[in-house]
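User: Hey, can you walk me through this one? I'm new to reading structures.

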There are 2 protein chains.
Amino acid sequence: MRPQTVHDVDTPAVLIDVDVAARNIARAQAHADAIGIKLRPHIKTHKLPFFARQQVAAGAVGITCQKVGEAEVMANAGLTDIFIPYNILGRSKLDRLHALHMRMSLSVSADSETTVRGYAAAFTDPDRRLKVLVECDTGGGRVGVQSPEDALRLAQVIAGAPGLRFGGLMTFPAAGGHEVAEAWLRSARDLLLANGLDCETVTTGGTPDMWRPVDASVVSEYRPGTYVYMDRYQVEKGAGKLEDCAAFVLATVVSRPTATRAILDAGSKSLTSDLLGLQDHGELIGVPGARIVGLSEEHGVVSLPADSQLEVGDKVRVLVNHICPVINLFDEVHLISGEAVVDVLPVAARGKLR
Amino acid sequence: MRPQTVHDVDTPAVLIDVDVAARNIARAQAHADAIGIKLRPHIKTHKLPFFARQQVAAGAVGITCQKVGEAEVMANAGLTDIFIPYNILGRSKLDRLHALHMRMSLSVSADSETTVRGYAAAFTDPDRRLKVLVECDTGGGRVGVQSPEDALRLAQVIAGAPGLRFGGLMTFPAAGGHEVAEAWLRSARDLLLANGLDCETVTTGGTPDMWRPVDASVVSEYRPGTYVYMDRYQVEKGAGKLEDCAAFVLATVVSRPTATRAILDAGSKSLTSDLLGLQDHGELIGVPGARIVGLSEEHGVVSLPADSQLEVGDKVRVLVNHICPVINLFDEVHLISGEAVVDVLPVAARGKLR
């Protein structure tokens, strides 16, 4: 039986305030419209068709998924334009990618000839080409070709494959590295143009920097994820305020062993161990002076001022450090509006590792 | 179609060597038998009825689960003696606990009168009492009564409830704190005895210290979890060697952006962010000089010597820092014997947060 109010929700549970999330979706879309770039939200944060559909209804050109399995879930839910910014390798994934591509508009990325050769072998129909973007390491130090010249070389390999279509450039910039990334991308885009290769899409991402000015003369598309829910890290980075946070973990105080210690039924199996450089394992909302100082898998250790009124059985909300991996730990989320529970949704794209 | 060999397994995936796990189960049971204590393995590590049954078949008196939901899965799979060392609160969980208790032999713990009052209200049948142990904070700084005197007081409350039965003492000691914990437990046990309360069970846990001598004159039961699979942390702590490790994450090299960098398709969504005080995010087996120096959700960043032969498409095994939360991220595990895949099992008790 679905709980009627937050008070009745058994813990630990994820609460999603649908009004706050809707506001976040609308605001990001309005910002993208205002600066003249397309929005392609990353579903890694919510993993829900419900919010993917809202994002597209608000004006997003499509969605971003990180795994073929996530794209399958979203395609089954009716999403029709999906970008997977990943080197997809191996027979099994390429077969699934091909099956998906027969149903909808799909695009992917690559940073090596090995990856492109795999795409070229799986996709051979010139009348239904797979759009492939070149992933560029613009300072993030993760995946990507290392220079505009390498981007050109790989773009030429893509353009030369009968079943592929060179679709442009993709990057995930270093934190705070957007200007450097844009200069890199402009240089590569110009080099490609000079060699007769058009960049249909130039796409970048990252919620923390999404409000900074984007150079729309080079970047055509943005892929933020966390903005829909926000979290403690984003608030810390100034991307939003506490009232912009849509997602909280509801937990119960299961023990008050000492005057200055409380134990929550949410540990690393609910909150993850992600610190992202922050102090503490989340913020306890509305409990002055409380700090989540330690986690084991099923226990959260809270230090409290000695006069705290927190009691065994009390339910509390935790603003987590990093919401995306937290969502991946829960089979379902509770959608709320004010204190009312309006729905309980399975996290349909949870745990799609392949 | 199930892959026949490890080579055919799509990544990321968890490989479990059933021969190594069986050896770990047998060795721990032999050790417990030799020192005269009962073994009650914690299923949090494997979350599989398959290994829970093996542990009981080897001689374990029962199993330990941390959540009612885990106990439900194990009861449905035929396990008949389950201890849940947790303060279980709230109508929903207590109803489910009661339903479970009607089917099997269940025991739980408590460290407060609030928790005990909940049990006493839900369990009222003197002919089918719920066994309740008092959880003791013997230095771990987590849950538990703070003194033997408090243990006595709470034991008396339990013993006074018609539907409950005082079952003894439970602790999870501080790392390296077993001697202190045993002294604490002895003192509490003696105080209880002096007040007419018998401790049927005195139970402690933790894999890293499981090979140290246990004082069987006070401790009657041990609840190790990780010993069945082992992991990088346990090897670091000396609880086992690399050849005792049964579980690895199989990953694919998806990018070689520079001569000294490789990217795996296993990030924090496969490996977790758990460091447990270790350097790096796991150990790459058989790749000399490789270090997993960074993780994002779907990428593992590996630093390599410049002459490394690692190529895009290569599959590698990662010994993870902490195996328990990794298992909780995978919907299924691949059981292997040598290089053969012998079965693929759903992680039945995965994600049971309540």
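Analyst: Sure, here is a quick tour, starting with how to read it.
This is a predicted model, where local features need pLDDT of at least 70, side-chain atom pairs count only at pLDDT 80 or more, and totals for chains, interfaces and linings use all residues. Residues are numbered from 1 along each chain as its sequence is written, while chains are lettered from A and ligands numbered from 1 in the order in which they are written.

User: Cool. In what order do the strands of the open sheet in chain B come?

Analyst: The order is β2-β9-β8-β7-β6-β5-β4-β3 in chain B, eight strands with parallel pairing. Strands here are DSSP E runs of at least two residues, helices are H or I runs of at least four, and both are numbered from the N terminus. Two strands pair if DSSP finds at least two bridges between them.

User: Which ones are the edge strands?

Analyst: β2 (38–39) and β3 (63–64) of chain B, each of which pairs on one side only. Helix α3 (residues 68–76) of chain B packs on the sheet and touches β3 and β4 of chain B. A contact means that C-beta atoms, placed from the backbone, lie within 7 Å.

User: What angle does α3 make with β4(B)?

Analyst: About 175 degrees between the direction of α3 and that of β4(B). Angles run from 0 to 180 degrees between N-to-C directions, using lines fitted to C-alpha atoms, for helices over the stretch in contact.

User: And how many bridges link β4 and β5 of chain B?

Analyst: Five, between β4 (residues 81–87) and β5 (residues 105–110) of chain B, in the parallel sense. One pair to look for is I84(B) with its bridge partner V108(B) in β5(B).

User: Switching to chain A: is β6 mostly buried or exposed?

Analyst: Five of the six residues of β6 (residues 130–135) of chain A are buried, so the strand is largely enclosed by the rest of the structure. Buried means 20 or more other C-beta atoms within 10 Å of a residue's own, exposed means 12 or fewer, and partly exposed is in between, with C-beta atoms placed from the backbone.

User: What does β6(A) pair with?

Analyst: Four bridges join β6(A) to β5 (residues 105–110) of chain A, and six join it to β7 (residues 164–170) of chain A. Both pairings are parallel. In the β7(A) pairing, L130(A) stands opposite L164(A).

User: Any helices linking those?

Analyst: β5(A), α5(A) and β6(A) make a right-handed β-α-β unit. β6(A), helix α6 (residues 148–159) of chain A and β7(A) make a right-handed unit too. Right-handed means that, with the strands pointing away from the viewer, the path from the first strand over the helix to the second runs clockwise.

User: How do chains A and B relate?

Analyst: Chain A can be laid on chain B by a turn of 180 degrees and a shift of 0.0 Å along the axis, with an RMSD of 0.0 Å. That is the relation of a two-fold axis. The superposition is by least squares on C-alpha atoms of residues with pLDDT of at least 70 in both copies.

User: How many residues does the contact take from each chain?

Analyst: It takes 48 from chain A and 48 from chain B. β10(A) gives the most to the side of chain A that touches chain B, with six residues. The copies meet through the same surface, because 100% of the interface residues of chain A are also interface residues in chain B.

Notes: Two residues are in contact if their C-beta atoms, placed from the backbone, lie within 7 Å.
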